[in-house]
Amino acid sequence: MSVALYGLVGASAPNNNTLREAITPFRIPAMSGILSEAATVTAILLSCLATLGMLHAHRRGWSPDVRFLFRVGALAALLLVNFTPVGSSDTASYAAYGRITALGGDPYLMTPAKLGGGYAELVGAAWRNTPSVYGPVATWLQSAAAFVGGDQPGLTIWVLMLVNVAAFLGTGYLLTRTADDPVRATLLWIANPLLIGVLVAGGHLDTVVACLAVCAIRLVSRATVRGHHDLIAGGLIGLASCIKISTLLLSVGLVWPMLRSGAWRRAVRQILATVLILIALYSVYGLHALAPLSAASHQVSIPSVWAFFDQFAATWLGQGVISTSIGFLWPFLMLAVASVLRRHVPAGTPAVAAVPFVLAFAWILTAPWVMPWYAAYACALSAMFRQGRLTQYLVVTTAVLFLFHSGGGHGWRW
């Protein structure tokens, strides 16, 4: 039911929860703003309850056929990918940065507003005058899609959606083949209606990041780990970080258990591979490619725990002081929350899975700027190994964030 509602909202674009224009021929008459918002909220709540219900039933002995679950989830994903993106305008930003690159421009200097045309019109107002905050690998994926799409932004976005759904299906396949509990992994990823709504209907690059994260963790968690496994895992993390720089948190999560166990050589190999990939790929553009990240790091989103300080304390202390204070304090809060979460991970969970998971979850809970799709690789890590009740809390957290950030780039109109 929830997946059908996501599809209905996407098919009835443009509305308050989709891009400003319908980008595919698969559409029905546009919904009113109130109706699309009601349908989206209902879909989020139903998908959250459905996911929690399936996980609860599995804990009590329900064990459906993994192949059947995979087929159902894959069919839902392949259907949604043909509708206008729901809940976010990020795909339009991806397309605009890709078009800039395909035309020979620099997406880390040029903004979608300067690009103009149909591409810029689809980008959310908050990002129209912002250079790309994504890494070079993301930029090359976006430019490849824009090369195919040409002057048709809808086609470019559809190609990006296809890449995203391929990563979603690939991650689901890896999880069903390698997770400790294939049924649980399938319920948490490819048959999870909440993730289908957030990642597939939204078309976010975080899906690709999650796929690379799963591959990296699977390599370093093998019973017999050789030197080249650490190098490959570090390289995969480097590639993921060249999509979204925040993925470096995964490297911290993997290296920390190695350092604590005295596996210094393994840690050095992994760090070296990650750093070399980052230097090599970012050198194509130069250090200015990191400048938009610095500007974006001062942003605060609702319902972040820092929103109160950003909105009210700035009146007395000034915006500059508040931004600096938040930037200094939130990493310490993240580590403190991660320490608390670590105590609730079931005994016997490998540190190589537990530490990256709790860091990712703590980041979602404490970062000043956080969106529901940021939960992608935390969900993937939770699907690989049992994380106890923290998994349910992660599902609820993702749903709450999605309720706040499903406006399709318009923002809520209530």
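The two largest pockets of the structure are described below. The model is predicted; local features need pLDDT of at least 70 and side-chain atom pairs count only at pLDDT 80 or more, whereas totals for chains, interfaces and linings use all residues. Residues are numbered from 1 along each chain as its sequence is written, and side-chain values use heavy atoms, with hydrogens and water left out.

A pocket is an open set of points on a 1 Å grid over the protein atoms alone, where a 1.4 Å probe fits, with protein on both sides within 12 Å along at least five of seven lines; lining residues have an atom within 4 Å of a point. The largest pocket holds about 1,300 Å³ of space, volume being the space filled by probe spheres set on points joined across faces, edges and corners. Its lining comprises 49 residues, with W127, Q299, W369, M371 and Y374 nearest the centre. At least two lining residues come from each of α4 (90-102), α13 (248-260), α15 (291-296) and α17 (319-342), helices being DSSP runs of H or I of at least four residues, numbered from the N terminus. The greatest contribution, 6 residues, is that of α17. By class, 26 lining residues are nonpolar (Ala, Val, Leu, Ile, Met, Phe, Trp, Tyr, Cys and Pro), 3 are charged (Asp, Glu, Lys and Arg) and 20 are polar (the others, Gly among them).

The second largest pocket has a volume of about 320 Å³. It is lined by 14 residues, of which W256, L335, A338, V355 and L359 are closest to its centre. Helices α13, α17 and α18 (351-366) each supply at least two residues of this lining, and α17 provides the largest share, 6 residues. The lining has 11 nonpolar, 1 polar and 2 charged residues.
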